[in-house]
Amino acid sequence: MLPSDQTRFPAIEAVLKNDETVNLRPLTTADGEALAEFYANIPREAIRFYGPYPLDREHALLNASRADSPTEVVLAAETSESRIAGYAWYRWNEGAPTSVFGICIRPAYQEQRLGRALMTRLLAIAREIGPPVMSLTVQLANTRAVTLYTSMGFTPLREQTRQADPTRGFAEEPEYYMELKIER
């Protein structure tokens with residue numbers, strides 16, 4: 001997210017279902033180690049839902065290094081202890097009409113409406129800076145995510161197969177390709 005857009009869309013507070021307040025803010029280039037700690041705490045059985053993106057230190061440092069990118073918007077949900085509780089992002093190729101979306105929530109913050117809060121903020125930003133369509137893939141087995149995405153306006157356009165990842169021990173499985181038209 002360009003520094004000028006980070007200024008236009010500053011941090012906001014979100015109150016979760018458990019009454020905890022988190023700070024929804026743009027990811028910064030200084031967040032690499034905090035993001036690595038966040039990734040390290042995603043349980044092995046949940047990592048398959050975040051593929052094909054690796055959740056490792058190297059990827060965390062790379063994500064943070066791109067925080068000022070003109071073709072990415074990344075939000076972090078920061079706790080009062082300055083830990084990342086979740087993050088959501090979308091990125092696109094220059095001039096492309098469609099972006100790709102992703103979200104990851106620390107297990108202790110799932111079912112607390114943090115995903116909805118991050119997505120709501122991200123969609124508000126997308127309405128201002130585009131592009132006009134956001135896309136994602138989600139395994140059918142990830143029913144909580146499918147329910148959330150549908151409730152946020154994403155439409156399943158097709159069912160397809162997520163390829164196996166033998167290096168991480170994940171079998172192929174059915175997934176939806178979903179899109180959301182961003183209304184301005």
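**Aromatic rings and the charges over them**

Arg158 lies over the face of Tyr177, at a distance of 4.1 Å from the ring centre. This contact comes from a predicted model, and a second arginine is placed in a comparable way, with the charged end of Arg91 sitting over the ring of Trp89 at 4.0 Å from its centre. Among the aromatic rings themselves, the count comes to 7 aromatic pairs, two of which are described below.

**Phe38 and Tyr87**

- The ring centres of Phe38 and Tyr87 are 5.8 Å apart and their planes stand at 85°, so this pair is classed as edge-to-face, given that planes over 60 degrees apart fall into that class.
- The pair links distant parts of the chain, since Phe38 belongs to helix α2 (residues 32-40) and Tyr87 to strand β4 (residues 84-91), with their positions 49 residues apart in the numbering.
- Phe38 and Tyr87 are both buried.
- Together with Tyr39, the residues Phe38 and Tyr87 form one aromatic cluster.

**Phe101 and Tyr149**

- Phe101 and Tyr149 form an aromatic pair that is likewise edge-to-face, with 5.9 Å from centre to centre and 90° between the planes.
- Phe101 lies in strand β5 (residues 98-105), whereas Tyr149 lies in helix α6 (residues 143-151), so the pair ties together parts of the chain that are 48 residues apart in sequence.
- Phe101 is buried, and Tyr149 is buried as well.

Terms used. Residues numbered from 1 in each chain as written. Predicted model: local features only at pLDDT ≥ 70, side-chain atom pairs only at ≥ 80, totals over all residues. Heavy atoms only, no water. Phe/Tyr/Trp six-rings, centres within 6.5 Å; stacked < 30°, edge-to-face > 60°. Helix = DSSP H or I, 4+ residues; strand = E, 2+ residues; numbered from the N terminus. Buried < 20%, exposed > 50% of the residue type's maximum accessible area, 1.4 Å probe, protein only. Lys NZ or Arg CZ within 6 Å of the ring centre and 35° of its normal.
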